[in-house]
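This report looks at how the helices of one protein chain pack together and at what remains on the surface. Please view the sequence and the model side by side while reading.

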Amino acid sequence: MTYYNLFCFAKLYAVATGLDRQSLLSKTELDAACEVLKSMTDNCNNLTQEQKEWYKMIVDFCKEQTEKYNNGRLENL
């Protein structure tokens, strides 16, 4: 996991949770953030139920944004 991947995850988290409503995520940033999500969930066995729900919400957001990229209809997040 690189600093770039972690930065992309932080940006994704801020956008997905509504903390940053002005940023846009590029396809590359979205892919890097998804890699971090996969790595974090694979390597962490002691997540609380609340944390699992946050991760689920962020994964759903990633899937939605990836679908928008694939369909060529990405708008401001």
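The paragraphs below take up one helix, the nonpolar core, and a patch on the surface.

The model is a predicted one, and the account begins with helix H2, which covers residues 27–43. H2 has 17 residues, and the distance from its first C-alpha to its last is 24 Å, close to the 24 Å expected at 1.5 Å a residue. Its buried residues are Glu29, Leu30, Ala32, Ala33, Cys34, Val36 and Leu37, and the elements that cover them include H1 and helix H3, residues 49–71. As a general matter, residues three or four places apart in an α-helix point the same way, because there are 3.6 residues a turn.

The largest nonpolar core has 17 residues, and those with the most contacts inside it are Leu12, Leu25, Leu37, Phe61 and Cys62. Each of H1, H2 and H3 supplies at least two residues of this core, while the largest share, six residues, comes from H2. In soluble globular proteins, nonpolar side chains tend to be buried together.

Two of these core residues can be followed through their contacts, and Glu29 of H2 is set beside them in the table, in each case with residues up to four places away in sequence left aside.

| Residue | Contacts beyond four places in sequence |
|---|---|
| Glu29 | Tyr4, Cys8, Lys11, Leu24 |
| Leu37 | Phe9, Leu12, Tyr55, Ile58, Val59, Cys62 |
| Cys62 | Leu12, Leu30, Cys34, Leu37 |

Why does Leu37 count as buried? Leu37, which has its place in helix H2, is classed as buried because its relative accessibility is 3%, below the 20% limit that defines the class. Among the residues that Leu37 touches are Leu12 and Cys62, and Cys62 in turn touches Leu12 as well as Leu37. The C-alpha atoms of Leu37 and Gly18, which are 19 residues apart along the chain, are separated by 18 Å.

Glu29, also found in helix H2, has a relative accessibility of 12% and therefore counts as buried as well. Its contacts away from its sequence neighbours include Tyr4, Cys8 and Lys11.

On the surface, Met1, Tyr3 and Leu6 form a nonpolar patch, with about 410 Å² of accessible area together. Leu6 lies in helix H1, which spans residues 3–16, and because its relative accessible area is 39%, Leu6 is described as partly exposed, a class that lies between the limits of 20% and 50%.

Note on methods: Residues are numbered from 1 along each chain as its sequence is written. This is a predicted model: local features need pLDDT of at least 70, side-chain atom pairs count only at pLDDT 80 or more; totals for chains, interfaces and linings use all residues. Side-chain values use heavy atoms; hydrogens and water are left out. Patches are made of residues with over 30% relative accessible area and no salt bridge: like charges are joined within 9 Å, nonpolar side chains (Val, Leu, Ile, Met, Phe, Trp, Tyr) within 5 Å. Accessible areas come from the Shrake-Rupley method with a 1.4 Å probe; for residues, only the protein chains shown count as cover. A salt bridge is a side-chain nitrogen of Lys or Arg within 4 Å of a carboxyl oxygen of Asp or Glu. Helices (H or I, at least four residues) and strands (E, at least two) are DSSP runs, numbered from the N terminus. Buried means under 20% relative accessible area, exposed over 50%, partly exposed in between (1.4 Å probe, protein chains only). Contact means heavy atoms within 4.5 Å. The expected span of a helix is 1.5 Å times one less than its number of residues. A nonpolar core is a set of buried Ala, Val, Leu, Ile, Met, Phe, Trp, Tyr and Cys residues joined through side-chain atoms within 4.5 Å.
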